[in-house]
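Dear colleague,

I am passing on the structure below, together with some notes on what was found in it. Please read the notes with the coordinates open beside them.

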Amino acid sequence: MLNDNEALHAFFLSLPGTTHDYKEEWTADRYMIGDKMYAMLGGDKEGTAILTLKAEPSYAEELRTEYEAIVPGYYMNKTHWNSIYRDAGLPDELIGKLIRHSYEQVLEKLPKRTKREILGDY
């Protein structure tokens, strides 16, 4: 299910405060919280579909070691970002967990006031 663009889009938008835009020059959909990107749907230089997510650096490295389909972030800071090949068939539970981790990594860095505005009583 989360390998489908529409399902991913709905999942991203279900996270409080998430906004979406399309970056024409990157041909990529971006998902942000507090104007900070936490996810990107696009492709690599061959056009293979990838999902790029932020991750805590040691966790990012651990994921790359454990899963062949998870590689250093394409066109991103490779310490903090991973790209996931969407055709690899990774389980929905894992993809959902990684999306939430990315969201939380960005949310955690936002100013307290911004977090309160986004989360309210969430």
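**Helix packing around α3**

Helix α1, which covers residues 5–14, packs against α3 at an angle of about 40 degrees, and their axes lie 11 Å apart. Please keep in mind throughout that this is a predicted model. Angles from 35 up to 65 degrees fall outside the roughly parallel and roughly perpendicular classes, and α1 and α3 are therefore oblique to each other. The crossing of these two helices is right-handed. On the α1 side the contact is made by L8, F11 and F12, which meet I95, G96, I99 and R100 of α3; by class, the residues of this contact comprise five nonpolar, one polar and one charged.

At the other packing to report, α3 and helix α4 (residues 112–119) meet at an angle of about 130 degrees, with 8 Å between their axes. That angle makes α3 oblique to α4. Here Y103, L107 and E108 of α3 are in contact with K115, I118 and L119 of α4, and the residues involved divide into four nonpolar, no polar and two charged.

**α3 itself**

As for the length of α3, its 18 residues should span 26 Å at 1.5 Å a residue, and because its end C-alpha atoms are 26 Å apart, the expected and modelled values agree. The buried residues of this helix are L94, I95, G96, L98, I99, H101, S102, Y103, V106 and L107. Among them, I95, G96 and I99 also take part in the contact with α1, while Y103 and L107 take part in the contact with α4.

S102 deserves a separate word. This residue is found in α3, which runs over residues 92–109, and its relative accessibility is 0%, so S102 counts as buried. Once residues up to four places away in sequence are set aside, S102 touches Y38, L53 and K54.

**A glycine in β3**

Is G43 buried, partly exposed or exposed? With a relative accessibility of 28%, G43 counts as partly exposed, because this value lies between the 20% and 50% cut-offs. G43 lies in strand β3, which comprises residues 36–43, and, leaving aside neighbours within four places in sequence, G43 is in contact with T48, A49, I50 and Y74. The C-alpha atoms of G43 and S83 are separated by 9.5 Å, although the two residues are 40 residues apart along the chain.

With best regards

Methods:
Residues are numbered from 1 along each chain as its sequence is written. This is a predicted model: local features need pLDDT of at least 70, side-chain atom pairs count only at pLDDT 80 or more; totals for chains, interfaces and linings use all residues. Side-chain values use heavy atoms; hydrogens and water are left out. Helices (H or I, at least four residues) and strands (E, at least two) are DSSP runs, numbered from the N terminus. Buried means under 20% relative accessible area, exposed over 50%, partly exposed in between (1.4 Å probe, protein chains only). Contact means heavy atoms within 4.5 Å. Axes are lines fitted to C-alpha atoms, for helices over the stretch in contact, and angles run from 0 to 180 degrees between N-to-C directions. Angles under 35 degrees count as roughly parallel, over 145 as roughly antiparallel, 65 to 115 as roughly perpendicular and the rest as oblique. A crossing is left-handed if the near helix is turned anticlockwise from the far one by less than a right angle, and right-handed if clockwise. Ala, Val, Leu, Ile, Met, Phe, Trp, Tyr, Cys and Pro count as nonpolar, Asp, Glu, Lys and Arg as charged, and the others, Gly among them, as polar. The expected span of a helix is 1.5 Å times one less than its number of residues.
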